[in-house]
Amino acid sequence: MFSFFKRFRGSKDAENAPAEAESTHEAQAEAAEAPAVAAHEAAPSAPQAADASPASAPMTPLQAATEAEAEAEAEAVEIVPPPAPEPAAKQSWLSRLKSGLSKTSSNIQSIFVNAKIDDDLYEELETALLMSDAGVDATEYLLEQLRQKVRAERLTDAQQVKDALRTLLVDLLKPLEKSLMLGRAQPLVMMIAGVNGAGKTTSIGKLAKHLQHFDQSVLLAAGDTFRAAAREQLAIWGERNNVTVVQQEGGDPAAVIFDAVSAARARRIDVVMADTAGRLPTQLHLMDELKKVKRVIGKAFEGAPHEVLLVIDANTGQNALAQVKTFDDALGLTGLIVTKLDGTAKGGILAAIARQRPVPVYFIGVGEKVEDLQPFVAEEFTDALLGG
């Protein structure tokens, strides 16, 4: 479910684990239980720069210290990949994704059929991208880059132009492709926000099930105390996944989540996911309440919440971009979950997000089943969007 885990070598859990363990399941459990580090720490560049210099060149004390620190960091980090998905399951997922984005892909594919590379082609492509919810900024950027690429590489065939567009779109979306790091805190506290109807509570239930597949114990906090149906829905997911749900009828949302985090610390739970009341970003007093919830979580556990996720409905087009901007300004988002790509969604909204507010997209959803929530992979998404 997650692209990879990272942990410190020599941690207590790692020392207690058998060195010769070879099974994928054991590797996952070991990774999930041990501390993890941020993604950028896994690729130190200082040693490469130092190695490139001649061996006989004198090294300043600062360079020596930097190199030693980078080497120590490299020794401390280990990447443990998850098991590869079954081919049949992977193919089924890709088919559903392509089906969900078929409206946009069919529009773009038709443009390149027996097409000449001229202004008419670029105009039709501009219209198709705008209709896909890519927005003016991303559309202008992609077309300008595409024109330059066609001229620089002297492309003469329509299929070559489409392949060039694919490369540009993958490059644009690639920064959004990021793994959700587990094990860097116990509990890892995740605050989930979103407007009503975006699929927030359902996404929490699906994510809880996937976390259990990685041997993570989960506790859910029903922070949407204003909507009885939200508590009931979360309780149903808790029963399905055999997960405890902390809830109060009509209680203060911040108090409910505070109690949940405190209980998780006492029980040594791995992950806490806190649901919050759905609200529109234009409701400023309610957005202020979300900020209060975040502050209270920090009082319950220093450094928390470790993840602040926003669930957005892909069918809402440019409104989704406005939600990302507003919630990010208020809460400091660390990731997105994009839902309902199986409906009338056009998919181009991710290009708009990548250009204007590149918050990582952890997961995308194409249906109601648990397996319909999967990690975002830029190349897979691009192929589905363009009809690859």
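The following paragraphs describe a predicted model, moving from a strand to two helices and then to the internal cavities.

Strand β4 covers residues 218–223, and six of its six residues are buried, so this strand is largely enclosed by the rest of the structure. In a regular strand the side chains alternate between the two faces of the sheet. In β4, V218, L220 and A222 point one way, whereas L219, A221 and G223 point the other way, and all of them are buried.

The pairing of β4 involves two other strands. With strand β6, residues 271–276, β4 runs parallel and is joined by six bridges. Within this pairing, A221 has A274 of β6 as its bridge partner. Strand β5, residues 244–246, also runs parallel to β4, and three bridges join the two. Here L219 stands opposite T244 of β5.

Helix α10 comprises residues 200–213. At 1.5 Å a residue, its 14 residues should span 20 Å, and the end C-alpha atoms are 20 Å apart, which agrees with that expectation. The helix is mostly covered, with 11 of its 14 residues buried. The buried residues are K200, T201, T202, S203, I204, G205, K206, L207, A208, H210 and L211. After α10 comes D215, which has a positive phi, near 60°.

Helix α11, residues 228–241, contains R231. The relative accessibility of R231 is 10%, and because the limit for a buried residue is under 20%, R231 counts as buried. What does R231 contact once its neighbours within four places in sequence are left aside? Its partners are A222, D224, T225, Q247, Q248, E249 and G250. One of these partners, A222, belongs to the group in β4 that also includes V218 and L220 and points one way from the strand.

The last topic is the enclosed space within the model. There are three cavities of 30 Å³ or more, and the largest has a volume of about 60 Å³. This largest cavity is lined by 14 residues, of which S132, L169, G348, A351 and L385 are the closest to its centre. Two or more lining residues come from each of the elements α6 (102–111), α9 (158–173), α15 (349–356) and α16 (378–386). In character, the lining of the largest cavity divides into 10 nonpolar residues and four polar residues, with no charged residue.

Key: Residues are numbered from 1 along each chain as its sequence is written. This is a predicted model: local features need pLDDT of at least 70, side-chain atom pairs count only at pLDDT 80 or more; totals for chains, interfaces and linings use all residues. Side-chain values use heavy atoms; hydrogens and water are left out. Helices (H or I, at least four residues) and strands (E, at least two) are DSSP runs, numbered from the N terminus. The expected span of a helix is 1.5 Å times one less than its number of residues. Buried means under 20% relative accessible area, exposed over 50%, partly exposed in between (1.4 Å probe, protein chains only). Contact means heavy atoms within 4.5 Å. On a 1 Å grid over the protein atoms alone, a cavity is a set of points where a 1.4 Å probe fits but cannot get out, and a pocket is an open set with protein on both sides within 12 Å along at least five of seven lines; lining residues have an atom within 4 Å of a point. Grid points are joined across faces, edges and corners, and a volume is the space filled by probe spheres set on the points. Ala, Val, Leu, Ile, Met, Phe, Trp, Tyr, Cys and Pro count as nonpolar, Asp, Glu, Lys and Arg as charged, and the others, Gly among them, as polar. Two strands pair if DSSP finds at least two bridges between them.
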